[in-house]
Each structure stands twice: as structure tokens, then as C-alpha cells.
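Hello,

Here is the structure we spoke about. Please open it alongside this note; my backbone findings follow below.

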Amino acid sequence: MDRKKTVYTICGMCTVRCPIAVEVENGEVVWISGNPHDKAMGQGLCAKGIAGRSLLKDTERPLAPMIRQGERGEGKWRIVSWEEALDYVAQRLKTVIDEYGAKAVLYSDRGGPFGELRKSFLKALGTPNYCNHDVTCAVSVNHAALSLFGFGRKGLNYDYRNAKHIVLYGRNMLESLRVKTAKALIEALDNGAKLTYIDPRYCVTASKATRWWKIRPGTDYALNLALIHIIIRENLYDQKFVQNWVKDWEKLAAFVEQYTPDWAEKETGIPADDMVRFCFEVAEDAPHVIFHPGWMRARYRQAFYEARTTYLLNVLFGALEVPGGLFFTKGPKEAGKKGLNPVGVDIPQVEEKRVDGAGWELPHINAGPGLLHRAFEAMRTGRPYPIKAYIVHRHDPLTGLPDPEAQVEAFKNLDLLVVVDVNWSETSWWADVILPEATYLERDDLLITQKGLKPGFRIRQRAIEPIHDTRPGWWIYLELAKRLGKGRHFPYQDIQDIWQAQLEGTGVTVEDLKKKGFVTLTDRPIWFDRENELPFKTPSGKIEIINKRWEEAGIACLKPYEPPSSPPKGKFRLLFGRCGYQTHGIWMNNPALHPYLRENRLWINEKVAQDMGLADGDWVEVANGTYQRRMRVYVTKFIHPEAVFMLHGFGRTIPLQTRAYQKGVADQRLEEGLLHVYDPAGGANALCECFVKVVPVKED
Ligand SMILES: Nc1nc2c(c(=O)[nH]1)N[C@H]1C(S)=C(S)[C@@H](COP(=O)(O)OP(=O)(O)OC[C@H]3O[C@@H](n4cnc5c(=O)[nH]c(N)nc54)[C@H](O)[C@@H]3O)O[C@H]1N2
Ligand SMILES: Nc1nc2c(c(=O)[nH]1)N[C@H]1C(S)=C(S)[C@@H](COP(=O)(O)OP(=O)(O)OC[C@H]3O[C@@H](n4cnc5c(=O)[nH]c(N)nc54)[C@H](O)[C@@H]3O)O[C@H]1N2
Ligand code: SF4
Ligand SMILES: [Mo]
């Protein structure tokens with residue numbers, strides 16, 4: 001063993017995959033920094049990234065395979081060998097498949113580029129029922145992009161660094177982090193760029209903004225319609241770009257005529273004059289402007305339309321494929337190079353229809369990641385067919401999807417629930433088997449493609465050997481495939497074999513990748529000719545205002561605006577979000593991160609608090625349905641009076657996580673009754689359609 005070494009790999013403390021350098025001494029991780037070979041990254045890291053060392057040391061997590069002993073949720077486990085755990089899972093899966101067919105197996109994971117082997121495993125098994133987490137994240141934004149451009153949201157990326165005006169809708173870029181983009185935003189601001197930040201709540205990103213619009217929650221669609229109205233009325237748009245690339249432009253123009261700024265002011269609370277001034281200002285900086293379609297806004301019933309109109313604002317200003325605007329992400333093909341080869345051989349197509357209806361009952365919904373909330377409904381009802389086994393990998397539906405009680409009710413119909421995780425997830429507590437994955441610092445993963453202006457390949461390689469009895473994901477699925485008679489599709493002994501198969505014919509070697517953690521396939525950024533060769537994947541080859549796929553499914557692409565409902569008396573719309581030193585609900589119990597934030601508080605508007613007789617730090621009871629909990633308030637004028645806000649991920653219920661157990665309030669538990677409320681056009685769970693009661697209580 002080298003006494004000292006630096007390993008270039010990929011952070012795993014959240015999902016944005018920053019490039020990191022890990023210093024190892026005598027087999028121990030002593031330091032983690034950003035990968036200095038990646039200039040946009042530099043050596044700085046976020047707090048969570050640094051806490052990776054603390055994850056290694058945290059023993060309050062599953063450290064060996066476990067099989068449930070008592071009832072589900074009772075927390076009685078038997079520690080077993082990997083042999084026994086995998087034999088058990090394979091046997092139980094076989095029983096389900098024999099009785100109900102392979103389609104009775106549901107699988108969900110976080111998604112992302114490392115998941116290819118897992119998807120191939122499911123395909124080999126013969127089930128179409130793969131879902132990722134996106135129903136609670138960006139699925140409506142993704143469908144908005146698909147409906148306009150014919151490709152998903154990742155087909156475009158953002159050149160913040162060179163932008164002159166950046167417009168963010170509830171996109172808290174400086175706290176809900178990706179290190180490189182946060183740095184790029186700051187650099188743009190240092191260079192004089194303007195930032196318009198739109199959010200019912202003030203946050204760190206708002207504090208850097210040129211203008212903050214405290215919008216009424218759920219009304220961004222109204223704002224966008226009025227902005228488009230002004231831009232067309234005042235002739236502020238890029239006529240050449242629109243003429244070249246937009247189909248059915250005149251239908252959009254006619255549709256927005258009714259949506260005047262005065263009308264939108266009443267909906268949104270944003271002054272009409274300000275909207276007009278803003279449009280003129282942006283037009284001056286066009287095309288070097290960015291309107292980010294957001295993630296969090298994908299939590300409202302009209303999310304699809306909010307995102308579509310945000311994309312259209314970029315289009316109107318001609319901000320596509322231009323420095324300081326949005327650019328098409330390019331892969332190896334565009335660099336004239338061969339891409340990574342697929343993993344798994346001779347795997348037949350799965351012909352069965354998806355249980356959630358994606359791609360058939362709901363023809364406009366992408367069958368790739370599906371709609372997990374609808375799969376849960378099938379699990380509960382047995383329709384259109386039963387779901388009897390559920391494997392959950394790097395995913396925590398009981399934290400990430402609303403109404404955990406309703407999910408646990410559906411789990412009662414399962415013969416097998418398996419969780420593959422590095423930590424206790426709320427879901428793992430209800431599992432029959434827990435397979436603990438080795439952490440990102442202790443495991444290799446599949447090679448991944450980095451798309452962008454300079455496409456390339458990246459490697460996640462282990463810095464140290466697993467400290468506990470944990471295993472890498474790729475190994476777990478190869479072992480399960482063997483036991484289920486599907487080994488022939490995966491002729492790999494180890495990760496080296498997988499890497500070789502992926503790299504075959506690309507001219508790149510594993511050694512090349514290990515040197516810096518990545519290989520770039522071109523020296524120069526690749527830009528398409530924006531007048532002649534923008535590769536939209538729609539039938540017309542243009543940006544389609546009216547998309548047939550949606551219209552034929554009975555969903556209007558130009559849907560009249562519907563105002564969000566106002567909170568019933570005594571209630572508030574519950575908003576939520578993240579902070580810079582936590583990832584969702586994952587690291588609440590992390591020994592290094594926990595002390596920074598032990599519990600969440602309820603943000604409430606100053607005026608409203610005054611009327612309720614509440615002062616900062618007072619206790620309230622927050623309730624919806626059967627869930628009610630006490631927490632302290634944070635009184636501030638920086639939140640819309642209709643809303644209250646809390647950080648997501650608190651109120652953990654697993655007693656073995658002694659630091660985080662029952663600390664704070666769980667927003668997803670307040671979202672009772674919302675598991676099946678979703679945006680019909682885009683598919684996202686409408687998490688923000690939640691109203692909570694807030695009642696002052698006397699301090700105990
Ligand atoms: N109420 C409410 N609901 C929300 C949100 C909210 O703010 N409020 N946020 C939404 C958003 S944006 C998202 S993206 C989702 C996120 O929710 P999820 O999609 O569930 O994703 P994560 O919280 O990132 O992680 C899930 C699990 O992955 C585990 N994990 C971490 N690293 C690894 C690893 O290397 N290997 C394995 N096997 N497991 C690992 C963690 O321990 C955790 O249990 O939640 C959504 N749901
Ligand atoms: N530190 C950290 N960074 C992360 C993550 C993490 O967990 N921790 N998670 C990653 C993931 S998976 C994601 S999806 C991103 C999320 O990135 P963001 O979407 O930027 O995340 P949030 O912090 O949830 O911020 C959501 C904001 O939307 C606002 N909002 C609520 N309703 C409305 C509305 O109607 N209109 C407008 N305009 N705004 C509204 C909320 O007040 C809140 O401030 O962050 C990523 N980065
Ligand atoms: S943002 Fe922080 S936690 Fe997430 S990948 Fe980057 S360094 Fe890691
Ligand atoms: Mo997300």
C-alpha cells in the first residue's frame with residue numbers, strides 16, 4: 001500500500017457529483033478538497049463534501065447486511081453474511097417472479113449516470129418498472145423541455161459565468177449547491193451581471209440579487225405570461241431567432257394577449273411597472289441572459305406550464321447556444337469520438353407495459369423514469385397489476401415523497417422490500433433486507449460521460465478499501481444477477497472488466513482517467529451554428545409551441561392560467577427547501593454536520609406573527625391531518641404572508657440515529673393526502689399544494 005496518495009474521484013455527499021481530490025495516508029482518508037485539475041471547480045468544497053470523512057467514521061448506520069426479524073418497522077434485525085443476504089433476496093425475488101411475473105418487481109433509485117448497470121439488471125430480470133426520484137424533483141421541468149425541444153432538460157446547460165442577467169425562480173443557487181455553478185454565479189456578479197431572484201422567501205441567493213421579487217406562491221406562471229405579453233407588445237424579442245426556430249409563434253402571441261402586467265400584478269403581487277422595466281433591462285443584455293426553469297417550482301400543479309414559459313423567455317431573447325446564455329450539451333459524438341459502450345450484453349427488450357401507465361395510459365409521460373407515486377398506487381390497489389417486490393437503491397421515498405403513512409400502507413402488500421443504502425433511511429427501517437453499500441470513498445463505480453461544451457469521461461474510484469462489511473453497488477447486482485440465472489448478460493468478474501468493456505474502442509484507458517479523474521475529448525468548446533444547425537428533436541426540427549404528444553393526450557400546451565387556491569383561514573401554504581450544510585434528510589445524523597443545525601424552525605411573516613401574538617423563537621404547533629408537532633418560529637418580514645417555510649429533512653424517526661432522532665419537524669409528514677396529487681401535464685408530485693395549521697403554544 002502507498003503510504004501517501006491522492007485519488008481523483010467524484011463526491012457523493014449529494015448528487016451533483018463535484019470532482020474531488022482525496023488525500024490518503026496509511027489507508028486513511030485525511031483530507032478531501034475540490035479537484036484542482038478541474039479549473040472551474042478549484043480546491044474549495046462545500047461543508048457536506050468535507051463531511052465525507054465524518055460519514056466514514058459514523059457508526060450509527062447499517063455496517064453489515066441485515067435481515068428483518070420482528071414486524072416491519074419494529075427495528076429488530078439479524079446481522080448476516082453477504083452470502084446469506086443475497087441468497088435470501090434472490091430466493092424471495094424468484095418466488096415473486098414465479099407467481100406474479102417479473103413485472104411484479106418495482107425498483108426505484110436516485111437516477112443519474114451511475115445507474116446503468118442497475119437498469120440493465122432490471123431489464124435482464126424482465127420488469128419494465130424502473131422509477132427514479134424525479135417525480136419529487138424536476139420531472140415537470142423535464143417534460144416541459146421535451147414538449148418544446150424534443151429533448152429533456154439536460155439537453156441544455158447554462159453559461160452563468162458569461163451571463164449579463166440571470167433570472168432565478170426559487171433556484172437558491174448559493175445554498176442549494178453545486179460548487180461550480182455557485183462559483184460561476186459569484187464570478188458573473190463580480191463582473192457586473194444582474195441577478196433577478198424570484199421567491200416568496202428571501203435567502204442567501206436573494207441577498208446577492210439586484211432585485212428580489214417576493215412573489216405570491218404558485219403564481220410564477222402568471223408572471224411569465226405577463227412577461228411574454230410585454231416582450232411581444234414592446235417588440236423586445238429576437239425576431240430572427242424566433243422566425244428561424246419557433247413553430248406556431250403566432251399562437252403564443254395571441255394566447256398571451258389577455259395576460260397583461262396589470263392583471264399579473266394582482267395575481268403575483270409584483271408591481272406591473274417593475275415587470276415592464278425588467279423586460280427592457282433584460283432586452284438590453286440579450287442574448288446573454290439566463291432564465292432558469294427552476295426545480296422547486298416543479299412542486300405545483302401548473303409546474304409544467306411555469307417551466308415551459310420560463311424556457312420560452314430564453315427563446316424569446318435568443319439566449320440559446322450563445323455565450324452567457326443556454327447551450328446545447330454535447331457528448332462524445334459531437335466531439336467526433338466514440339462514446340462509452342453499454343453495460344450488459346444481449347439483454348432482450350422488455351415488452352410488458354409499465355405499472356404506472358407512463359408511455360401508454362399517459363402517452364405524454366416519459367417511460368424512462370416513470371411516475372413513482374402512481375406505482376405506489378398500483379402497489380396499494382393491485383391495478384393494473386400487482387407489485388409484490390420493491391428494491392430501493394439510493395433513494396428514500398419515506399423522506400422524499402409526501403405522506404409516508406400512505407406509503408407504508410401500500411408497502412403492506414409487498415412480499416419483499418429491499419433497501420440498498422449507505423445510511424439509515426426512513427425507508428430502510430421498514431425493509432425486509434438491508435444491503436449496505438460501501439460509501440463513495442470506499443467504492444468504484446461505472447465510468448460516466450460528462451456532457452457539456454467540452455464532453456469527456458469521468459471516473460469514481462475508491463480512495464480506501466471498505467472499512468465495514470459493505471459492498472459496492474456493481475458487485476451487489478452482479479451477484480444477484482448470477483443467483484437469478486441472468487449472469488450470462490453480465491460477463492464481468494470485477495470492476496476492471498466493466499471499465500474495459502465501457503472503454504473498448506474509445507482510445508481512452510483507465511490509467512488515463514485515473515490520472516486526473518477525468519478525460520476531456522476535445523480541447524475547444526463545441527458550439528453549434530445557431531442560425532442553421534440547432535438540433536431540436538421535435539418532428540418539425542423547431543421549438544414547438546404546440547406539441548402533438550400533449551395535445552393528443554388531451555393536454556393543452558397553451559393552458560389558461562388558474563390561480564392557486566388561497567390558504568383556508570388559520571392555515572398557511574407550506575414551503576420548504578434546503579440549506580448549505582445538509583442534503584435533503586440524509587446527513588441529519590452526520591457527526592460533523594449535525595451540530596450546525598440540530599432542528600428546523602418555522603419561518604413566518606412578521607405581520608402575521610404579530611397578529612398571532614408570536615415573537616421570534618416562540619413555540620407553535622404545526623399540523624395537517626394526523627401529523628402535528630411543535631417547533632419554534634423564525635419571525636421575519638422576508639416571507640410572503642400566505643406561506644410558512646421550513647427546511648426539509650428533519651423529524652427523523654429512527655431511534656438508532658441518536659443525534660437526529662425526533663429533532664425538528666418533517667415537512668413530508670405534514671404533506672398528508674398529497675401522495676397522489678400531481679401535475680397532470682408534467683407528472684411531478686405537487687408537494688407545495690399543502691396547507692398547514694399553525695397554533696401558538698405556551699413553552700413547557
Ligand atoms: N417534503 C419535501 N420532499 C422533497 C423535497 C423537499 O425539499 N421537501 N425535496 C425533493 C428533492 S429536490 C429531491 S431530489 C428528493 C430527494 O430524495 P431522494 O431521491 O430520496 O434522494 P436523497 O435524499 O438524495 O437520498 C436518498 C438516500 O440515498 C442514500 N445514499 C446516499 N449516498 C448513497 C450511496 O452512495 N449509495 C447508496 N446506495 N445510497 C446512498 C441516503 O442515505 C438516502 O437514504 O426529495 C424530494 N422530496
Ligand atoms: N446544500 C444542498 N444543495 C443541494 C441539495 C441539498 O439537499 N442540499 N439538493 C440538490 C437537489 S436534488 C436539488 S433539486 C436542488 C434544489 O435547488 P433549489 O430548487 O434551488 O432548492 P431549494 O432550497 O429547495 O429552494 C427552493 C426555493 O423555492 C422557493 N419557492 C417555493 N414556492 C415557490 C414559488 O411558488 N415560486 C418561486 N419562484 N419560488 C418558490 C422556496 O421558498 C425556496 O426558497 O439543490 C441541489 N443542491
Ligand atoms: S455540492 Fe458539496 S456535497 Fe454536493 S457533490 Fe459538491 S462538494 Fe459534494
Ligand atoms: Mo432534487
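Asparagine 26 sits in the loop that links β2 (19-25) and β3 (28-34). Keep in mind that this model is predicted. The phi of asparagine 26 is near 50°, a positive value in a residue that is not glycine. Most residues other than glycine have a negative phi. Is asparagine 26 buried or exposed? Neither: asparagine 26 counts as partly exposed, because its relative accessibility is 49% and that class lies between the buried limit of under 20% and the exposed limit of over 50%.

A second asparagine belongs beside it. Asparagine 235 also has a positive phi, about 55°, and is not a glycine. Its place is the loop between two helices, α8 (220-233) and α9 (239-245). With a relative accessible area of 47%, asparagine 235 is partly exposed.

Now the peptide bonds. Most peptide bonds are trans. Where are the cis ones listed here?

- Alanine 286 and proline 287 are joined by a cis peptide bond, with omega about 5°. Proline 287 is in the loop between α12 (272-285) and β13 (289-292).
- Arginine 383 and proline 384 are joined by a cis peptide bond too, with omega about 0°. Proline 384 is in the loop between α14 (372-381) and β15 (389-393).

To find these sites quickly, go to the loop after β2 for asparagine 26 and the loop after α8 for asparagine 235. Then go to the loop after α12 for proline 287 and the loop after α14 for proline 384.

Best wishes

Methods: Residues are numbered from 1 along each chain as its sequence is written. Chains are lettered from A and ligands numbered from 1 in the order in which they are written. This is a predicted model: local features need pLDDT of at least 70, side-chain atom pairs count only at pLDDT 80 or more; totals for chains, interfaces and linings use all residues. Side-chain values use heavy atoms; hydrogens and water are left out. Helices (H or I, at least four residues) and strands (E, at least two) are DSSP runs, numbered from the N terminus. Buried means under 20% relative accessible area, exposed over 50%, partly exposed in between (1.4 Å probe, protein chains only).
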